[in-house]
Structure formats: structure tokens, C-alpha cells
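Q: I should like to learn how strands, burial and strand pairing are read from a model. Could we work through some cases together?

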Amino acid sequence: MWNEIGILFTVCFLVVPILCQSEIPGRYCYYLLGEVQARLCFDCPAGKLLYNGKCHACPVAPFCTSTSYKESSSSVTVLQSRFCDSFGQNCYNCMKGTYGVRCELSCDDRCDSNGCAYYSGNCFRCDDGYWGDTCSSACPVGCSGSRCDQVTGVCDVECPSKCDDQGCDKTSGNCVTCDTGWYGDTCNNPCFPNCDDQGCDRVTGDCVVCDTGWYGNTCNTQCPTTCDIQGCDRTSGVCVACDSGWYGDYCGSRCPSHCLTLDCDKFTGNCFSCQTGWTGPRCDTRLCTGHCLDDTCDDSGLCVSCSHGYRGQQCLEKCDTHCGDDGCDRETAVCTGCGTGRHGARCQNVCFQNCVGGCGQYDAICNDCNVGFYGDFCNLTCNVNCNSNLCSRNGACTDGCVDGWTEPICDRPCDVEYCSRCRESGETVVCVQCDSPYTGSDCSRRCPENCESLYEFS
Ligand SMILES: *[C@@H]1O[C@H](CO)[C@@H](O)[C@H](O)[C@H]1NC(C)=O
């Protein structure tokens, strides 16, 4: 019998293998084409195949696995299993994860652990995140747990709209992370309006960075208006830099008015340089134009008074050289007093020759005279009869007259006999001291003997 079958098998193998594949697994039937419409069926036990009339172990790929079938050739139905076809060519079924007639192909990665269909390779089920027969399509962004319908691709559950690509918790529906610009468990709160485009903290809503010009956790406080375009410190509100013309942490103070430019040092308020005519760190000290008394000048730089020795509107011209220490009139150049020995409005004249200690600026009257001279100008000579050549400013001899002359001028002879000192008294001359031993107003009387020195005690 086996020989006969072997012959038939050979014929079948050459002619009708395709037909075999459509048959019930395990029960291969061979049709002889042509006039003989015989149907021959062969059987081997599970895991065996019929070859050359004998049943052999399946030689095919290790991924073949058994499949069950009902043996119902008798009145009793028996459940049998088989690994491969009778030719040993094709598996009946594949291990999970493989497919193809010899299970030589791997199921797509996106099939879940149940693998794929033996013949088509279609996944039984997709991994989360994929859909379609071969699970080659990605579920739409925002599906809860990334899961969507295997056939339609519609999300099983929709995450809140502002969840980002990471979707949301399958149970709570809370987003894993929010789209930039949103916060809260379900990301339904927009970040505060002055957060910059980096958005805000997912939980607190605090801005990552503020738009320029705002500060505070949620950037809802405006920087001082005099901060420059760089805005202010996120926490303190201290300006990075100030608008022109302002200084201070919060740029709340005006720069000094005489800085050369509008700007000044942000911290000190000092000018970088001063307008012409001003000096000092804050340019608030007038730089006077000329030689000002006490360095004091008005807002236009003109001296309130000139330093001694200078004159003119700007106190730049010098007073005449012979003016005294007090200088001169700013406008007229008239000296305010002269140097010793000079007189005249501008002290252009020399005092009289015998002046001592200078002379009056306008009247030229000498302050004092050299010995032997008198008069306002000391150009009169003391009388030759003055003792020691001394006389006062009016010509009176201050040390008396030489004998025989009348005080005070000593220009009239003393006519009184026996008089040692004569003095003018109106138009007359009186003796104020007689020669010894004479006495009396005209020295006509004679003292007694022995009172030689009487007058000395009178
Ligand atoms: C003394 O000087 C005054 C003023 O110059 C003058 O008027 C006067 O004549 C002078 N007297 C003599 C004695 O030179």
C-alpha cells in the first residue's frame, strides 16, 4: 500500500501542490487530474509528515507550531494537532511574533505581544500608540495613553487640549506636561499675560521669564517707567539700566542739570563730564571765568567780585601795578588805595619826596614827613632855629628853639633880656623861663643870692 501511495504522492507533488494548501490542515488530498478524479488523502501523526510513503518529523523552521484539527474520519471526533504540511514545506501555524508559510518573517514591532496573523502578518492587536492592520499608523496626538481605535484611529479617550505630546494620565486625565503657555493639572489656565514665550511653571503658573518691562513671580508688576529698555530685575524690580536723565536703583532720581549729556552714573548720580563752566562730580559747582574773589561767581560764570588785583567784567585784566593790595574798581580801574609812595586815582604819581609812609591817594597829603620837613606835602623845611631840626606838621619846633628865638616857630628873636625861653602869645612875646638868677615875666627881677635854682621848684 505505501508503495502505491508513494507513486501517487510523487505525481501529486509535481502537479497539484497549490491545491493542497487550500485544504483542511493535516488532511492533504491529492487530486489526479485528467480522467481520474480520484481523491487521495494521507495522514501522519502530529509533527510528522508523509514522505516517500513514510511519516517523517517536520524539518521546517523552528518557529512552526502545532495547530489542532478535528479528526472525524470515523464516527468518533478526535482532536489532533499538526506542525507542518505533509511535504514538510509549510508550517501550519507560527510561534508568536513570526509569520509566513515557514514562519520566516517577524511580526511588525508595533504589533503587541500577541503577534500577528500566520499568513498575512496583520497584527492581532497594536501596541499603544498605533493603529491599522499592520499597526503602521500612529494614533493622533493627544489620545489618552496614546491609545486609539485599531480600525478607525480615533482616540479612545481625548486628553485635555493643552496637554503636550506626552499626553495625559489614563486615569486622572491630568496632563503629563502642558503646551507652552498653559498651566494647571489639565493645563487649562493660560500663563499670565506678561510671561515671555517660554511660558510658565506647570504647577504654580510662575513665569519662566518675564516680558521685558515686568517683574514678580507672575510678572504682573511693571518695572519703573524710567528703567531703560532692558527692564528690571525679575525679583526686586531694580532697573538694569536707566533711561537717559535718570539714576538710582529704581531710576527715580534725576541726573544733575549741568552734566554734559543727559546721562549720569546709575549708582552715584555723578556726571560723566560737565557742561562748560561747571565742575565737581555732579557738575554743580560753577567754574568761574576769571579771578573771582573767594571763587564765587554767578550762574553765568561771572565773578560776584574780582580777586584783588583783577578787574573787568570777567576779572581777567590786572589792576595797574601801583594799586595797593585791595586792587581796583572792576569797571573804572581806579585803585582801591595805592601802594606805598604813590597817589592818584590809578596811583600813577609818586608821593612828594619827603613823605614818609605814603600819601593820600587823592590829596597827596603825606602821612608823615622826614625829619626837618613839614607841611601837608612835606615840602617845607623846619625853621633853622628849631632844636635838632625837629618840627611838627604845622612847622612848630617840637624840641624847642635854639637860644634867642621864640617858640613855637622859632622865627622871631627873643628880645627879652635874661630870658632863656620865649613863647609867642598872640602878637606879643612872653618869656616862660628866665636866665638864672632873673625872674619875673620880663626877667627884670633878680632872685636873692643863694636861690640859684629856685625856679626849678616853682
Ligand atoms: C609845596 O607843594 C604844594 C603842592 O604842590 C605847592 O602848592 C607849594 O607851592 C609847595 N611849596 C613849596 C615851598 O615849594
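A: Let us begin with the term needed first: a strand is a DSSP run of E with at least two residues, numbered from the N terminus. The model shown is predicted. In it, Trp-131 belongs to strand β11, which covers residues 130–131.

Q: Is Trp-131 buried or exposed, and why?

A: A residue is called buried when 20 or more other C-beta atoms lie within 10 Å of its own. Trp-131 has 24 C-beta neighbours inside 10 Å, and therefore counts as buried.

Q: Which residues does Trp-131 touch, leaving aside those up to four places away in sequence?

A: The contacts of Trp-131 are Cys-126, Ser-137, Cys-139, Cys-148, Asp-149, Gln-150 and Gly-153. For one of these, Asp-149, the C-alpha atom lies 6.6 Å from that of Trp-131, although 18 residues separate the two along the chain.

Q: How does one read strand pairing, and in which sense do β30 and β31 run?

A: Pairing is read from the bridges between two strands. Strands β30 (residues 419–425) and β31 (residues 428–434) are antiparallel and joined by six bridges. They form a hairpin with two residues between them, and Gly-426 in the turn has a positive phi of about 65 degrees. Across this pair, Glu-424 is opposite Val-429, and Arg-423 is opposite Val-430.

Q: What is the sense of the pairing between β29 and β30?

A: Strand β29 (residues 406–407) pairs with β30 in the parallel sense, over two bridges. Here Glu-407 stands opposite Arg-423 of β30. Arg-423 thus has Glu-407 opposite it in one pairing and Val-430 of β31 in the other.

Notes
Residues numbered from 1 in each chain as written. Predicted model: local features only at pLDDT ≥ 70, side-chain atom pairs only at ≥ 80, totals over all residues. Helix = DSSP H or I, 4+ residues; strand = E, 2+ residues; numbered from the N terminus. Buried ≥ 20, exposed ≤ 12 C-beta atoms within 10 Å, placed from the backbone. Contact = placed C-beta atoms within 7 Å.
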